[in-house]
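Colleague: I'd like to learn how to read a structure like this one. Could you walk me through it, a feature at a time?

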Amino acid sequence: MVRFLLALAALWTSGFLVRVAIPEQMQRPENQAALEVYEDKPATSLVGEFRNGLSSYLWAKADEYIHGGMAMRPMTDREKASGLAGASSGDNVECAHEGETSVIPDATQDTRGILGDWERAVKPYFPVGGHKHRPLRETLPLYRFMTWAEPNFVPGYVIGSFVIYASDHNNVGEMISFLREGVKNNPTSIALPTEYGRALFTKAGLTGPAEHYLLAAVRNAQRPARNEFEKDSIVDAYRWLVLLYRKEGRADLAFKWAQQGIQRFPDDPVIAHTIEHHGEDIPLTQSD
Amino acid sequence: MTRTMQICKAFIVAGLLETLRRKDLYVVLILTVLMVAGAWMFGFFGVRGLEVFIRDVTLSAIGVFSTILTIMIAGRQVPEEIARKTIYPLMARPITRWQILLGKWLTASITSILCFLVLAALGRALLMAFGIPVGPIFYQYLLLKQVGLLWLSAMTVALSVYMTPAANITICLILAFGSGIFTRFTLLWHGETGATGASLNFLYGLLPHYDFFDLGAKVTYAWPPIGAVIVLSLAAYGILGSFLWLGVGWLRFRKAVL
């Protein structure tokens, strides 16, 4: 026990010393001053690249974990043109497989003969059509590590929180605390306050704080989104804000935000539905 | 044959003592313990579901360190005899160059396999201590990896008579760790037929497939054992490949001016 506590103390001390010894290298590029440091100090940029690279590696590794170690890849143009069936999920795990196939080719597509058979036997491999996934909880450590390595890695927090909840529906508190950490580390993100607000609203029933974070997400969405992941979350921010107001019976506020949302997303059914039925008592449906 | 075995035995004993003296094995044992115990310690920081992760780290550490050790051990067998000029008293005895090469390969192979088994036993013991099970495929992993180390030792010993030690170790590390990656390049030209397809398949067959002897990923994700026919055919491929590499080395070594 004493040895364990000593090891723990050593880990914490080394983490503290790293921050003291290289404060500039530990800065995150989230404001102008920090960005300037990144431009002036190559070491900071290198440490940043390392953190980013590590989190991207762990992100890819998480996909391998739920496929039992089997690596997937995007289909080539030739494969798409030939009408080759891509990967598809055969269970209830939500996993994006569009245009993907396995790195190791299927026996029917493989011309390597016995070498191909050997590879399919010794490496994790299964036919990708309608495949099953391993328990999501096995990827939990990876999401924890990738967000430790790179606290600005927003998809890590968003998908990680989903994995925490999906692996056990009793983990609402843990999911919320994981998202809270993400929001704290990424105050300008759109996706994180949206997810945090959604979790508070739908899983914890805390509409007040949920409203606060969904409004923050919409506010953040006034600035250009950093990447596609963030951009895709803008519509969700409007949707959940509208749904929250509808649930609370605050029809005017729901209509106000739906009107703002419809200007950016004219085809969104949830927002359009709210505008069409303004003034009516619209119950939340399963599709909402 | 008996004489060849006696020569090999003498080389093996000397090689084992040399490896113990150099303490390479101790270094990798300590590193393995640190890596696996480090991965396990994340559990104390509230990270759950670490079983697969710890198995992954353990198998990766065993695979990486045993490969590096094998290349380091096999890569120094012949060049050090030449550099220390201890090859001359050997050549003065009634020992053929083929026997020297074979003896050096067996020395490197047996030493590497022993190091690998020690590493694997340590990894298994750590996993047991952490209460993490491994399936029966682990024993197939041990068997195939040993065949892979025979093949890797043969390649390293063979190339050591063509290149400088530094170049040889670099090339062998690239071939061993890159085998799973650059064979993918040939797969990207899928769907080719005729002469192009045949050439690509020929090229694929020529490329080293050290990764075929590694069941580490399947052990990590607790896959069921693989068929005995596959294990036996891979063992035959590995042993045949080893002798092919030794043949390549002997082509140069038999007439090399020492």
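Modeller: Happy to. Let's begin with contacts along chain B: among those with a separation of 6 or more, residues 24 or more positions apart account for 85%. Keep in mind that this is a predicted model.

Colleague: How many helices and strands are there in chain B?

Modeller: Chain B has ten helices and zero strands. Reading along the sequence, you get α-α-α-α-α-α-α-α-α-α. The radius of gyration of chain B is 20 Å, close to the 18 Å from the globule rule for 258 residues, so chain B is as compact as a globular protein of that length. Its C-alpha atoms fill a box of roughly 65 × 55 × 35 Å along the principal axes, and 40% of the 258 residues count as buried.

Colleague: Okay, now a single helix. What span should α1 of chain B have at 1.5 Å a residue?

Modeller: Helix α1(B) covers residues 2-22, and its 21 residues should span 30 Å; the end C-alpha atoms are 30 Å apart, which agrees. You can try the longer stretch at residues 228-253 too: α10(B) has 26 residues and reaches 37 Å from first C-alpha to last, close to the 38 Å expected.

Colleague: And how do I tell which way a helix faces?

Modeller: Here's the general idea. An α-helix has 3.6 residues a turn, so residues three or four places apart point the same way. Now the case here: in α1(B) the buried residues are B:Ile7, B:Phe11, B:Gly15 and B:Thr19. Looking down the axis of α1(B), these buried residues fall within an arc of 100 degrees, so they line one face of the helix.

Colleague: Which exposed residues sit on the face of α1(B) turned away from its buried side?

Modeller: That face carries B:Thr2, B:Gln6, B:Val13, B:Leu17, B:Leu20 and B:Arg21. The buried residues of α1(B), meanwhile, pack against α2 (24-41), α3 and α5 of chain B.

Colleague: Where is B:Lys23, and what is its phi?

Modeller: B:Lys23 comes just after α1(B) and takes a positive phi of about 65 degrees, although B:Lys23 is not a glycine. You'll find B:Lys23 in the loop between α1 and α2 of chain B. B:Lys23 is exposed, because there are 10 other C-beta atoms within 10 Å. Another case is B:Ala222, a residue other than glycine with a positive phi near 55 degrees. B:Ala222 lies in the loop between α9 and α10 of chain B and is partly exposed, with 17 other C-beta atoms within 10 Å.

Colleague: Is B:Gly49 buried or exposed?

Modeller: B:Gly49 counts as buried, because it has 20 C-beta neighbours inside 10 Å. B:Gly49 is in the loop between α2 and α3 of chain B. Leaving out residues up to four places away in sequence, B:Gly49 touches A:Arg137, A:Glu138, A:Leu140 and A:Pro141.

Colleague: Those are chain A residues. How many residues does each chain put into the contact?

Modeller: Chain B puts in 28 residues and chain A 24. On the chain B side, α3 (51-83), α7 (165-188), α8 (194-206), α9 (216-220) and α10 each supply at least two residues. Helix α8(B) gives the most, with four residues. By type, the chain B side divides into 17 nonpolar, eight polar and three charged residues.

Colleague: What do the buried residues of α10(B) pack against?

Modeller: They pack against α5 (114-122) of chain A, together with α5 (97-129) and α6 (137-160) of chain B. Among the buried residues of α10(B) are B:Leu234, B:Gly238, B:Trp245 and B:Phe253.

Colleague: Can we finish with chain A? Which residues of α13(A) are buried?

Modeller: In α13(A), residues 269-276, they are A:Val270, A:Ile271 and A:Thr274. Their arc around the axis is only 100 degrees, which puts them on the same side of α13(A). The face turned away carries the exposed A:Pro269 and A:Glu276. As for partners, the buried residues of α13(A) pack against α11 (228-248) and α12 (251-264) of chain A.

Colleague: And which residues touch the most other members of the largest nonpolar core?

Modeller: Of its 111 residues, those are A:Leu214, A:Ala237, A:Leu241, A:Val242 and B:Ala154. Not counting residues up to four places away in sequence, A:Ala237 touches A:Ile190, A:Thr194, A:Leu214, A:Ala217, A:Val218 and A:Ala221.

Definitions and conventions:
Residues are numbered from 1 along each chain as its sequence is written. Chains are lettered from A and ligands numbered from 1 in the order in which they are written. This is a predicted model: local features need pLDDT of at least 70, side-chain atom pairs count only at pLDDT 80 or more; totals for chains, interfaces and linings use all residues. The expected span of a helix is 1.5 Å times one less than its number of residues. A residue is buried if 20 or more other C-beta atoms lie within 10 Å of its own, exposed if 12 or fewer, and partly exposed in between; C-beta atoms are placed from the backbone. Two residues are in contact if their C-beta atoms, placed from the backbone, lie within 7 Å. Ala, Val, Leu, Ile, Met, Phe, Trp, Tyr, Cys and Pro count as nonpolar, Asp, Glu, Lys and Arg as charged, and the others, Gly among them, as polar. The arc is that of the directions from the helix axis to the C-beta atoms. A nonpolar core is a set of buried Ala, Val, Leu, Ile, Met, Phe, Trp, Tyr and Cys residues joined through C-beta atoms within 7 Å. The radius of gyration is taken over C-alpha atoms; the globule rule is 2.2 Å times the number of residues to the power 0.38.
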